[in-house]
Amino acid sequence: MIPAHPPGRSPVLAVAAIVLAALAAGCSGGGGGEGGRAAAPGPSDWVEGATTESVARTLHVEIPSTATGAVAAHRRGFQDDGLILSFVLPAEAVDSFLTQLKPEQPLRLREQPFAAEATPATPFARLGLPEPDSLPKVREGQVCAPCKGDLNWLKVAVAQIDERSSRVYLRGVD
């Protein structure tokens, strides 16, 4: 009678199968966290005590004296930090503020809101505001990339509130 497997090979194949299974299990995990899932950013990622002045300084932006309702947040990241700043300007002050920023190209007008997008790393919802991407008729564009100092990039969006005022949204990565 001929054996089903040549003698001496069964233990070698069993060990090889176990080693391959262990390697596959070790490589199939995610980016950390429980259950192999990447840990979601938590409340501790937001810098307590960040002020509109400190965020504006890091973004190299001067908040106009005519601005109202200024709010800001700073989120600590693994490699880079995210910074958001928003305020309301009278309609007549918007263009002069944008000129001070010296955008790389003229801002473009986006007529329609973007379809549902993923939540940004630094959501304006943190400040109780809608995302500029969810609003219609928004002027937006890149201000700088790279920027002065440690700032990697800065983007601006302007959403008209009414005929008298607009909300300015600034988002940067440091």
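Here a student and a tutor talk through a predicted model.

Student: Let's start with T122. Why is T122 called buried?

Tutor: Its relative accessibility is 7%, and buried means under 20%, so T122 counts as buried.

Student: Where is T122 found, and which residues does T122 touch?

Tutor: T122 sits in the loop between β3 (108-110) and β4 (138-144). Leaving aside residues up to four places away in sequence, T122 touches W46, R75, G82, L83, I84 and R171. A contact here means heavy atoms within 4.5 Å.

Student: On to α2 (52-59). Which residues of α2 are buried?

Tutor: They are T52, V55, A56 and L59.

Student: What puts those buried residues on the same side of α2?

Tutor: The directions from the helix axis to the C-beta atoms are what counts. For these residues they cover an arc of only 100° around the axis, so the buried residues lie on the same side of α2. On the other side, E53 and R57 are exposed, and exposed means over 50% relative accessible area.

Student: What do the buried residues of α2 pack against?

Tutor: They pack against β1 (68-75), β2, β5 and β6. Just after α2, H60 takes a positive phi of about 60°.

Student: How do you know that β1 and β2 pair?

Tutor: Two strands pair if DSSP finds at least two bridges between them. β1 and β2 have six bridges, in the antiparallel sense, so they meet that definition. One example is A72, whose bridge partner in β2 is L85. The two strands form a hairpin with six residues between them.

Student: And what makes β2 and β6 a pair?

Tutor: The cut-off is again at least two bridges, and nine bridges join β2 to β6, which run antiparallel. The bridge partner of V88 in β6 is R167.

Student: How many residues of β2 are buried?

Tutor: Eight of its nine residues are buried, so β2 is mostly covered.

Student: Now the largest nonpolar core. Which members touch the most other members?

Tutor: Of its 24 residues, L59, F97, L154 and L170 do. The elements giving two or more residues to this core are α2, β2 (82-90), α3 (91-101), β4, β5 (153-160) and β6 (165-173). α3 gives the most, with five residues.

Student: What does L170 touch?

Tutor: Not counting residues up to four places away in sequence, its contacts include L59, V61, L83, F97, F124 and L154. Apart from the largest core lies another core, of 10 residues, among them F124, L129, V138 and Y169.

Conventions. Residues are numbered from 1 along each chain as its sequence is written. This is a predicted model: local features need pLDDT of at least 70, side-chain atom pairs count only at pLDDT 80 or more; totals for chains, interfaces and linings use all residues. Side-chain values use heavy atoms; hydrogens and water are left out. Helices (H or I, at least four residues) and strands (E, at least two) are DSSP runs, numbered from the N terminus. Buried means under 20% relative accessible area, exposed over 50%, partly exposed in between (1.4 Å probe, protein chains only). A nonpolar core is a set of buried Ala, Val, Leu, Ile, Met, Phe, Trp, Tyr and Cys residues joined through side-chain atoms within 4.5 Å.
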